[in-house]
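Colleague: I am new to this structure and would appreciate a guided tour. Could you show it to me before we begin?

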Amino acid sequence: MNTCILIIGACGQIGTELTLKLREINGDNAVIASDIREGSKELMKSGPFEFINAMEYDSILNVIEKYKVTDVYLMAAMLSATGEKFPAKAWELNMNSLFNVLNLAKEGKFKKLFWPSSIAVFGPTTPKEYTPQETVMEPSTVYGISKQAGERWCEYYFNKFGVDVRSIRYPGIISWKTNPGGGTTDYAVEIYHNALLIGKYNSFLNKGTKLPMMYMDDAIEATIKIMDANPEDVKIRSSYNLAAMSFTPEEIAEEIKKIVPEFRISYNSDFRQNIADSWPRSIDDSKAREDWGWKHKIDIKKMSEIMLNSLHTKYE
Ligand code: AKB
């Protein structure tokens with residue numbers, strides 16, 4: 001059977017670049033992009049697109065049957081900061097969309113599922129440094145609670161029904177093509193845009209707030225790698241810890257100053273500070289490295305060069 005991939009939430013920050021990369025690897029017509037709205041020009045002209053509301057079971061089923069989809073990536077979700085403003089909506093979207101695809105996989109409508117979890121599954125009682133794969137998990141945001149519950153459901157569907165579901169706990173993801181929306185780690189993207197546009201940035205997280213982060217290319221590579229792994233190598237069916245780097249707002253500002261010397265940072269924290277304070281400062285991802293060979297490539301220096309060069313070209 002030929003591989004046919006459906007990406008739900010293809011127009012978001014990660015969905016956009018995941019779709020483009022999977023099309024490069026598998027061919028444009030083997031990857032169906034879907035979302036409730038249209039995405040960037042680059043995405044829309046790169047291959048097939050369907051409107052799907054991730055909360056509507058039938059709208060997902062129709063597209064799966066139309067294209068004989070084998071693999072589904074569910075990238076639609078409401079993130080941590082927006083989730084705190086709309087808790088009921090966040091729970092509804094994050095859980096219903098997951099149940100829809102878990103049930104479709106259970107009914108044999110497709111073969112393999114990718115579902116992203118997040119460092120938000122950890123909470124204030126979790127050890128903060130080098131947070132282990134298995135540890136205390138008492139998330140304090142709606143988003144984190146939905147991701148924690150989702151992880152339990154993924155493992156349950158794997159054990160009870162043999163659903164081949166694979167997942168990683170994304171740290172904050174930094175990219176330049178499509179902006180993130182509604183996350184606590186979004187400052188680490190905004191800062192690069194503001195550095196080039198106005199030479200300064202007022203950070204909504206305080207000095208000293210260290211969070212786990214990753215450049216987009218590494219996140220995409222990890223996502224494709226876990227989906228390509230032999231099923232027996234994917235030993236954890238809740239979700240894998242994943243790490244590349246950790247930094248504070250002042251550390252990223254220092255890197256920017258090496259390229260934009262006039263850049264200045266100021267601090268004015270808001271409600272997102274509490275969320276950030278409840279999350280790990282660094283992550284132990286040794287299980288992902290052992291089980292399916294995960295290895296990151298990009299550090300804060302390289303990432304800052306790529307971000308500033310790419311955005312400079314985009315704004316020209
Ligand atoms: C967020 O900040 O909500 C996300 C995440 C860490 O999952 N980027």
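Modeller: The conversation below goes through the sheets, the cores, some single residues and the ligand.

Colleague: What should I know about the model itself?

Modeller: This is a predicted model, in which local features need pLDDT of at least 70 and side-chain atom pairs count only at pLDDT 80 or more, whereas totals for chains, interfaces and linings use all residues. Residues are numbered from 1 along each chain as its sequence is written, and side-chain values use heavy atoms, with hydrogens and water left out.

Colleague: Let us start with the sheets. In what order do the strands of the mixed sheet come?

Modeller: The order is 9-11-13, in an open sheet of three strands with mixed pairing. Helices (H or I, at least four residues) and strands (E, at least two) are DSSP runs, numbered from the N terminus. Two strands pair if DSSP finds at least two bridges between them.

Colleague: Which strands are at its edges?

Modeller: Strand 9 (172–174) and strand 13 (245–247) are the edge strands, each pairing on one side only. From one strand to the next, the twist averages 45°. Angles run from 0 to 180 degrees between N-to-C directions, and the axes are lines fitted to C-alpha atoms, for helices over the stretch in contact.

Colleague: How many bridges link strand 11 and strand 13?

Modeller: Three bridges link strand 11 (residues 211–215) with strand 13, in the antiparallel sense. Leu-211 has Phe-247 of strand 13 as its bridge partner. Helix 8 (residues 216–228) packs on this sheet and touches strand 9 and strand 11, its direction making about 85° with that of strand 11. Contact here means heavy atoms within 4.5 Å.

Colleague: What about the sheet with the order 6-8-12?

Modeller: That is an open sheet of three strands with parallel pairing. Strand 6 (117–118) and strand 12 (240–241) stand at its edges with a single partner strand each, so one side of each has no neighbour in the sheet. Strand 8 (residues 168–170) runs parallel to strand 12, joined by two bridges, and Ile-168 stands opposite Tyr-240. Helix 8 packs on this sheet too, touching strand 8 and strand 12, and its direction makes about 170° with that of strand 8.

Colleague: Helix 8 again. Is Thr-223, which lies in that helix, buried or exposed?

Modeller: Thr-223 counts as buried because its relative accessibility is 0%; buried means under 20% relative accessible area, exposed over 50% and partly exposed in between (1.4 Å probe, protein chains only). A polar atom of the Thr-223 side chain lies 2.6 Å from the backbone oxygen of Ala-219.

Colleague: And what does Thr-223 touch further along the chain?

Modeller: Leaving aside neighbours within four places in sequence, Thr-223 is in contact with Leu-18, Tyr-73, Phe-114, Ile-168 and Tyr-170.

Colleague: Now the interior. How many residues are in the largest nonpolar core?

Modeller: The largest nonpolar core has 37 residues, and those with the most contacts inside it are Ile-174, Tyr-187, Tyr-192, Phe-247 and Met-303. Such a core is a set of buried Ala, Val, Leu, Ile, Met, Phe, Trp, Tyr and Cys residues joined through side-chain atoms within 4.5 Å.

Colleague: Which element gives the most to this core?

Modeller: Helix 7 does, with six residues. Met-303, leaving aside its neighbours within four places in sequence, is in contact with Ile-174, Tyr-192, Tyr-215, Met-245, Phe-247 and Ile-298. A second, separate core has 34 residues, including Ile-5, Ala-33, Ile-226 and Leu-242.

Colleague: Ile-5 is in strand 1, I believe. Which way do the residues of that strand point?

Modeller: In strand 1 (residues 5–8), Ile-5 and Ile-7 point one way and Leu-6 and Ile-8 the other way, and all are buried. Strand 1 pairs with strand 2 (residues 31–35) in the parallel sense over four bridges, with Ile-7 opposite Ala-33.

Colleague: Finally, which residues are around the ligand?

Modeller: They are Leu-79, Ser-80, Ser-118, Ile-119, Tyr-143, Gly-183, Thr-184, Thr-185 and Trp-279, each with a heavy atom within 4 Å of the ligand. An oxygen atom of the ligand is 2.7 Å from an N or O atom in the side chain of Ser-118. For the side chain of Tyr-143, an N or O atom is 2.7 Å from a ligand oxygen atom. Thr-184 has a backbone N or O atom 2.7 Å from an oxygen atom of the ligand.

Conventions
A polar contact is a pair of N or O atoms within 3.5 Å; within protein, one must be able to donate a hydrogen and the other to accept it, and residues adjacent in sequence count only if both atoms are side-chain atoms.
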